[in-house]
Protein chains: 2
Amino acid sequence: MIGGSISLALKRMGFNCKITGVDNNPDHCIEALRLGLADEILPLEPAINQADLVIIAIPVDATSKLLPRVLDIIKDQAVMDVGSAKAEICKVVAGHPNRKRFVASHPMWGTEFSGPAAAKADAFSGKAAVICNKEDSDMDAVHVVENIYKVLGMHVVFMPAKEHDLHTAYISHVSHITSFALANTVLEKEKEDNTIFELASGGFETTVRLAKSHAAMWVPIFKQNKENVLDVLNEHIAQLNKFKSCLESENYEQMNELIRHANTIKRILK
Amino acid sequence: MIGGSISLALKRMGFNCKITGVDNNPDHCIEALRLGLADEILPLEPAINQADLVIIAIPVDATSKLLPRVLDIIKDQAVMDVGSAKAEICKVVAGHPNRKRFVASHPMWGTEFSGPAAAKADAFSGKAAVICNKEDSDMDAVHVVENIYKVLGMHVVFMPAKEHDLHTAYISHVSHITSFALANTVLEKEKEDNTIFELASGGFETTVRLAKSHAAMWVPIFKQNKENVLDVLNEHIAQLNKFKSCLESENYEQMNELIRHANTIKRILK
């Protein structure tokens, strides 16, 4: 989805390039060609050999394994990833002789879907793209990646990988856990009753949308960002417990304050 | 928002009616006229006296106070409410001599906004509308309300008020508490740092959207549906704790299973 969306967006913006696709899944290869996400499909090595820029868009655990191999193969190409956890991947390649050709990055867009069919040409425009630890990368490689994100209509933000991982725990990772847990709450309690799904409308759909997200993508993110996710999850459970005790003690005055405080998020989010 | 949306939708569907607006807030009265949500504004009594159907679309605590007064005034008009908690309102008017003119109902649509400017003509189409305890209402009154919802493009579902309140705890009320709590989690932890809001994109926006909802509407709902909300909230916190212990014990196999279970929500929600 992410790799394909970058490809579609670059083509739409008239960026002059040939996209070579590499994928372990033969169905995805065919789909990518059919949807115009890739101009050709090649095995990893020949694809890298003819590339100017290598974009790794796979789950973060797979990136941790593949990136060192890619850095072994490249000559002077730039390499970027797009994963949602950055500290671990930077650690994995810290001592690699070609480390400076790698740019750790994360375009801030996603959906609950995955795979080539979920690619969208207008996905990234107006969103932020984070580049982490740029001092560990060659300037020219950073410029290539920065330029790609600018072509996609994104604004580039630089920050340390550790800081990125703390922020994404808040704005993305724990939102996903909340959605998964909410889906399981409903599935648990309404096992023998489908009425709920007949009634479910906007609010539920909205909050539970992310619960459709793929385990193969998210478990590795939670694993790589474990400390931050645990920290935020604990805070979130504590906040839920505040609502719980307001209800238990029938302290609706305090509940009112909790909600009015939550409302202040609207000053910040449009 | 709800009253105005019903009005806009009825007009759009060519339903032949005059809409008389009643509102405590003078600004809302002017806004309702300006936006065409009401053809005229009158005080409560004369409005009721000339009406065939009275639609009460205000917070549930205000409905509990107003509905008995409305039932005191009416002759043979039908009266409906649209609130998100139904058992309490049915209890309030249980002994009223005009109880049978009242139809307890809930159209399953809402947003995080409120007030006349948030009214939408296409809000209800394709959604469910619940009518509760219909055996406590006159048949002709039920038919009027049923017909209104059908004109709005909704499918009508009949169920006991207690059952409705359990289901809405799952699909709406606890989703809102989750969003409020998530907003407070972020606001608490990121007090001195605005980076998070620069990075926030789809996933966060989605999950936290409901946190913009109005306390004056929601506290009374949580209060009236306290037992169900507490029950579901406890289950939700228990489900979050499962994710937490998976992380703490680094049991990613089990986390994978929790997510795959949550994914089954997609068989049911489109």
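Two residues are in contact if their C-beta atoms, placed from the backbone, lie within 7 Å. The exercises below concern a predicted model, to which the predictor assigns an ipTM of 0.91 and a pTM of 0.91. For chain A, the mean pLDDT is 93, and 96% of the residues reach 70 or more.

**Exercise 1. The interface between the chains**

Task: Determine how many residues of chain A are in contact with chain B, and which elements of chain A supply them.

Solution.
Step 1. Count the residues on each side: 80 residues of chain A are in contact with 80 residues of chain B.
Step 2. Assign the residues to elements. Those of chain A that each supply at least two residues are β6 (128-132), α7 (161-189), α8 (195-199), α9 (202-208), α10 (215-224), α11 (226-248), α12 (252-263) and α13 (265-268).
Step 3. Identify the main contributor: α7(A) gives the most to this side, with 19 residues.
Step 4. Sort by class. The side of chain A that touches chain B has 42 nonpolar, 23 polar and 15 charged residues.

**Exercise 2. The relation between the two copies**

Task: State what turn and what shift lay chain A on chain B, and which residue of chain A comes closest to the rotation axis.

Solution.
Step 1. Superpose the copies. A turn of 180 degrees, with a shift of 0.0 Å along the axis, lays chain A on chain B with an RMSD of 0.0 Å.
Step 2. Interpret the result: the two copies are therefore related as by a two-fold rotation axis.
Step 3. Compare the surfaces used. The same surface serves both copies, since 100% of the contact residues of chain A recur in chain B.
Step 4. Locate the axis. Among the residues of chain A, Thr207(A) comes closest to it, with its C-alpha at 2.5 Å.

**Exercise 3. The architecture of chain A**

Task: Describe how chain A is divided into domains, and where domain 1 touches domain 2.

Solution.
Step 1. Survey the chain. Chain A contains 13 helices and seven strands, and its C-alpha trace spans about 65 × 40 × 30 Å along the principal axes. Of its 270 residues, 47% count as buried.
Step 2. Consider the range of the contacts. Of the contacts in chain A with a separation of 6 or more, 70% are between residues 24 or more positions apart.
Step 3. Divide the chain: domain 1 covers 2-160 and domain 2 covers 165-268. The centres of the two domains of chain A, taken over C-alpha atoms, are separated by 30 Å.
Step 4. Examine the boundary. Ten residues of domain 1 of chain A are in contact with 14 residues of domain 2 of chain A. On the domain 1 side, α4 (60-73) and α5 (87-92) of chain A are the elements that give two or more residues. By class, this side of domain 1 has four nonpolar, two polar and four charged residues.

**Exercise 4. A strand with two faces**

Task: Decide which side chains of strand β3 (residues 53-56) of chain B point to the buried face, and which strand pairs with β3(B).

Solution.
Step 1. Recall the general pattern: in a regular strand the side chains alternate between the two faces of the sheet.
Step 2. Apply the pattern. Val54(B) and Ile56(B) point to one face and are buried, while Leu53(B) and Ile55(B) point to the other and are not.
Step 3. Find the partner. β3(B) pairs with strand β4 (residues 78-81) of chain B in the parallel sense, over four bridges. Within this pair, Ile55(B) stands opposite Met80(B).

**Exercise 5. Two residues with positive phi**

Task: For Glu250(A) and Asn133(B), establish whether each is buried or exposed.

Solution.
Step 1. Note the expectation: most residues other than glycine have a negative phi.
Step 2. Glu250(A) has a phi near 55 degrees and lies in the loop between α11 and α12 of chain A. Glu250(A) is exposed, because 11 other C-beta atoms lie within 10 Å and the cut-off for exposed is 12 or fewer.
Step 3. Asn133(B) has a phi of about 50 degrees and is found in the loop between β6 (128-132) and α6 (139-151) of chain B. Asn133(B) is buried, because 20 other C-beta atoms lie within 10 Å and the cut-off for buried is 20 or more.

**Exercise 6. The surroundings of Ala141(A)**

Task: Identify which residues Ala141(A) touches, not counting residues up to four places away in sequence.

Solution.
Step 1. Place the residue: Ala141(A) is in helix α6 (residues 139-151) of chain A, and is buried, with 20 other C-beta atoms within 10 Å.
Step 2. List the contacts, which are Ala78(A), Arg101(A) and Val103(A).
Step 3. Compare sequence with space. Ala141(A) and Ala78(A) are 63 residues apart in sequence, yet 5.2 Å apart from C-alpha to C-alpha.

How values were computed:
Residues numbered from 1 in each chain as written. Chains lettered and ligands numbered in written order. pLDDT = per-residue confidence, 0-100. Least-squares fit on C-alpha atoms with pLDDT ≥ 70 in both. Domains from an automatic or database assignment. Nonpolar A, V, L, I, M, F, W, Y, C, P; charged D, E, K, R; others polar. Pairing = 2+ DSSP bridges.
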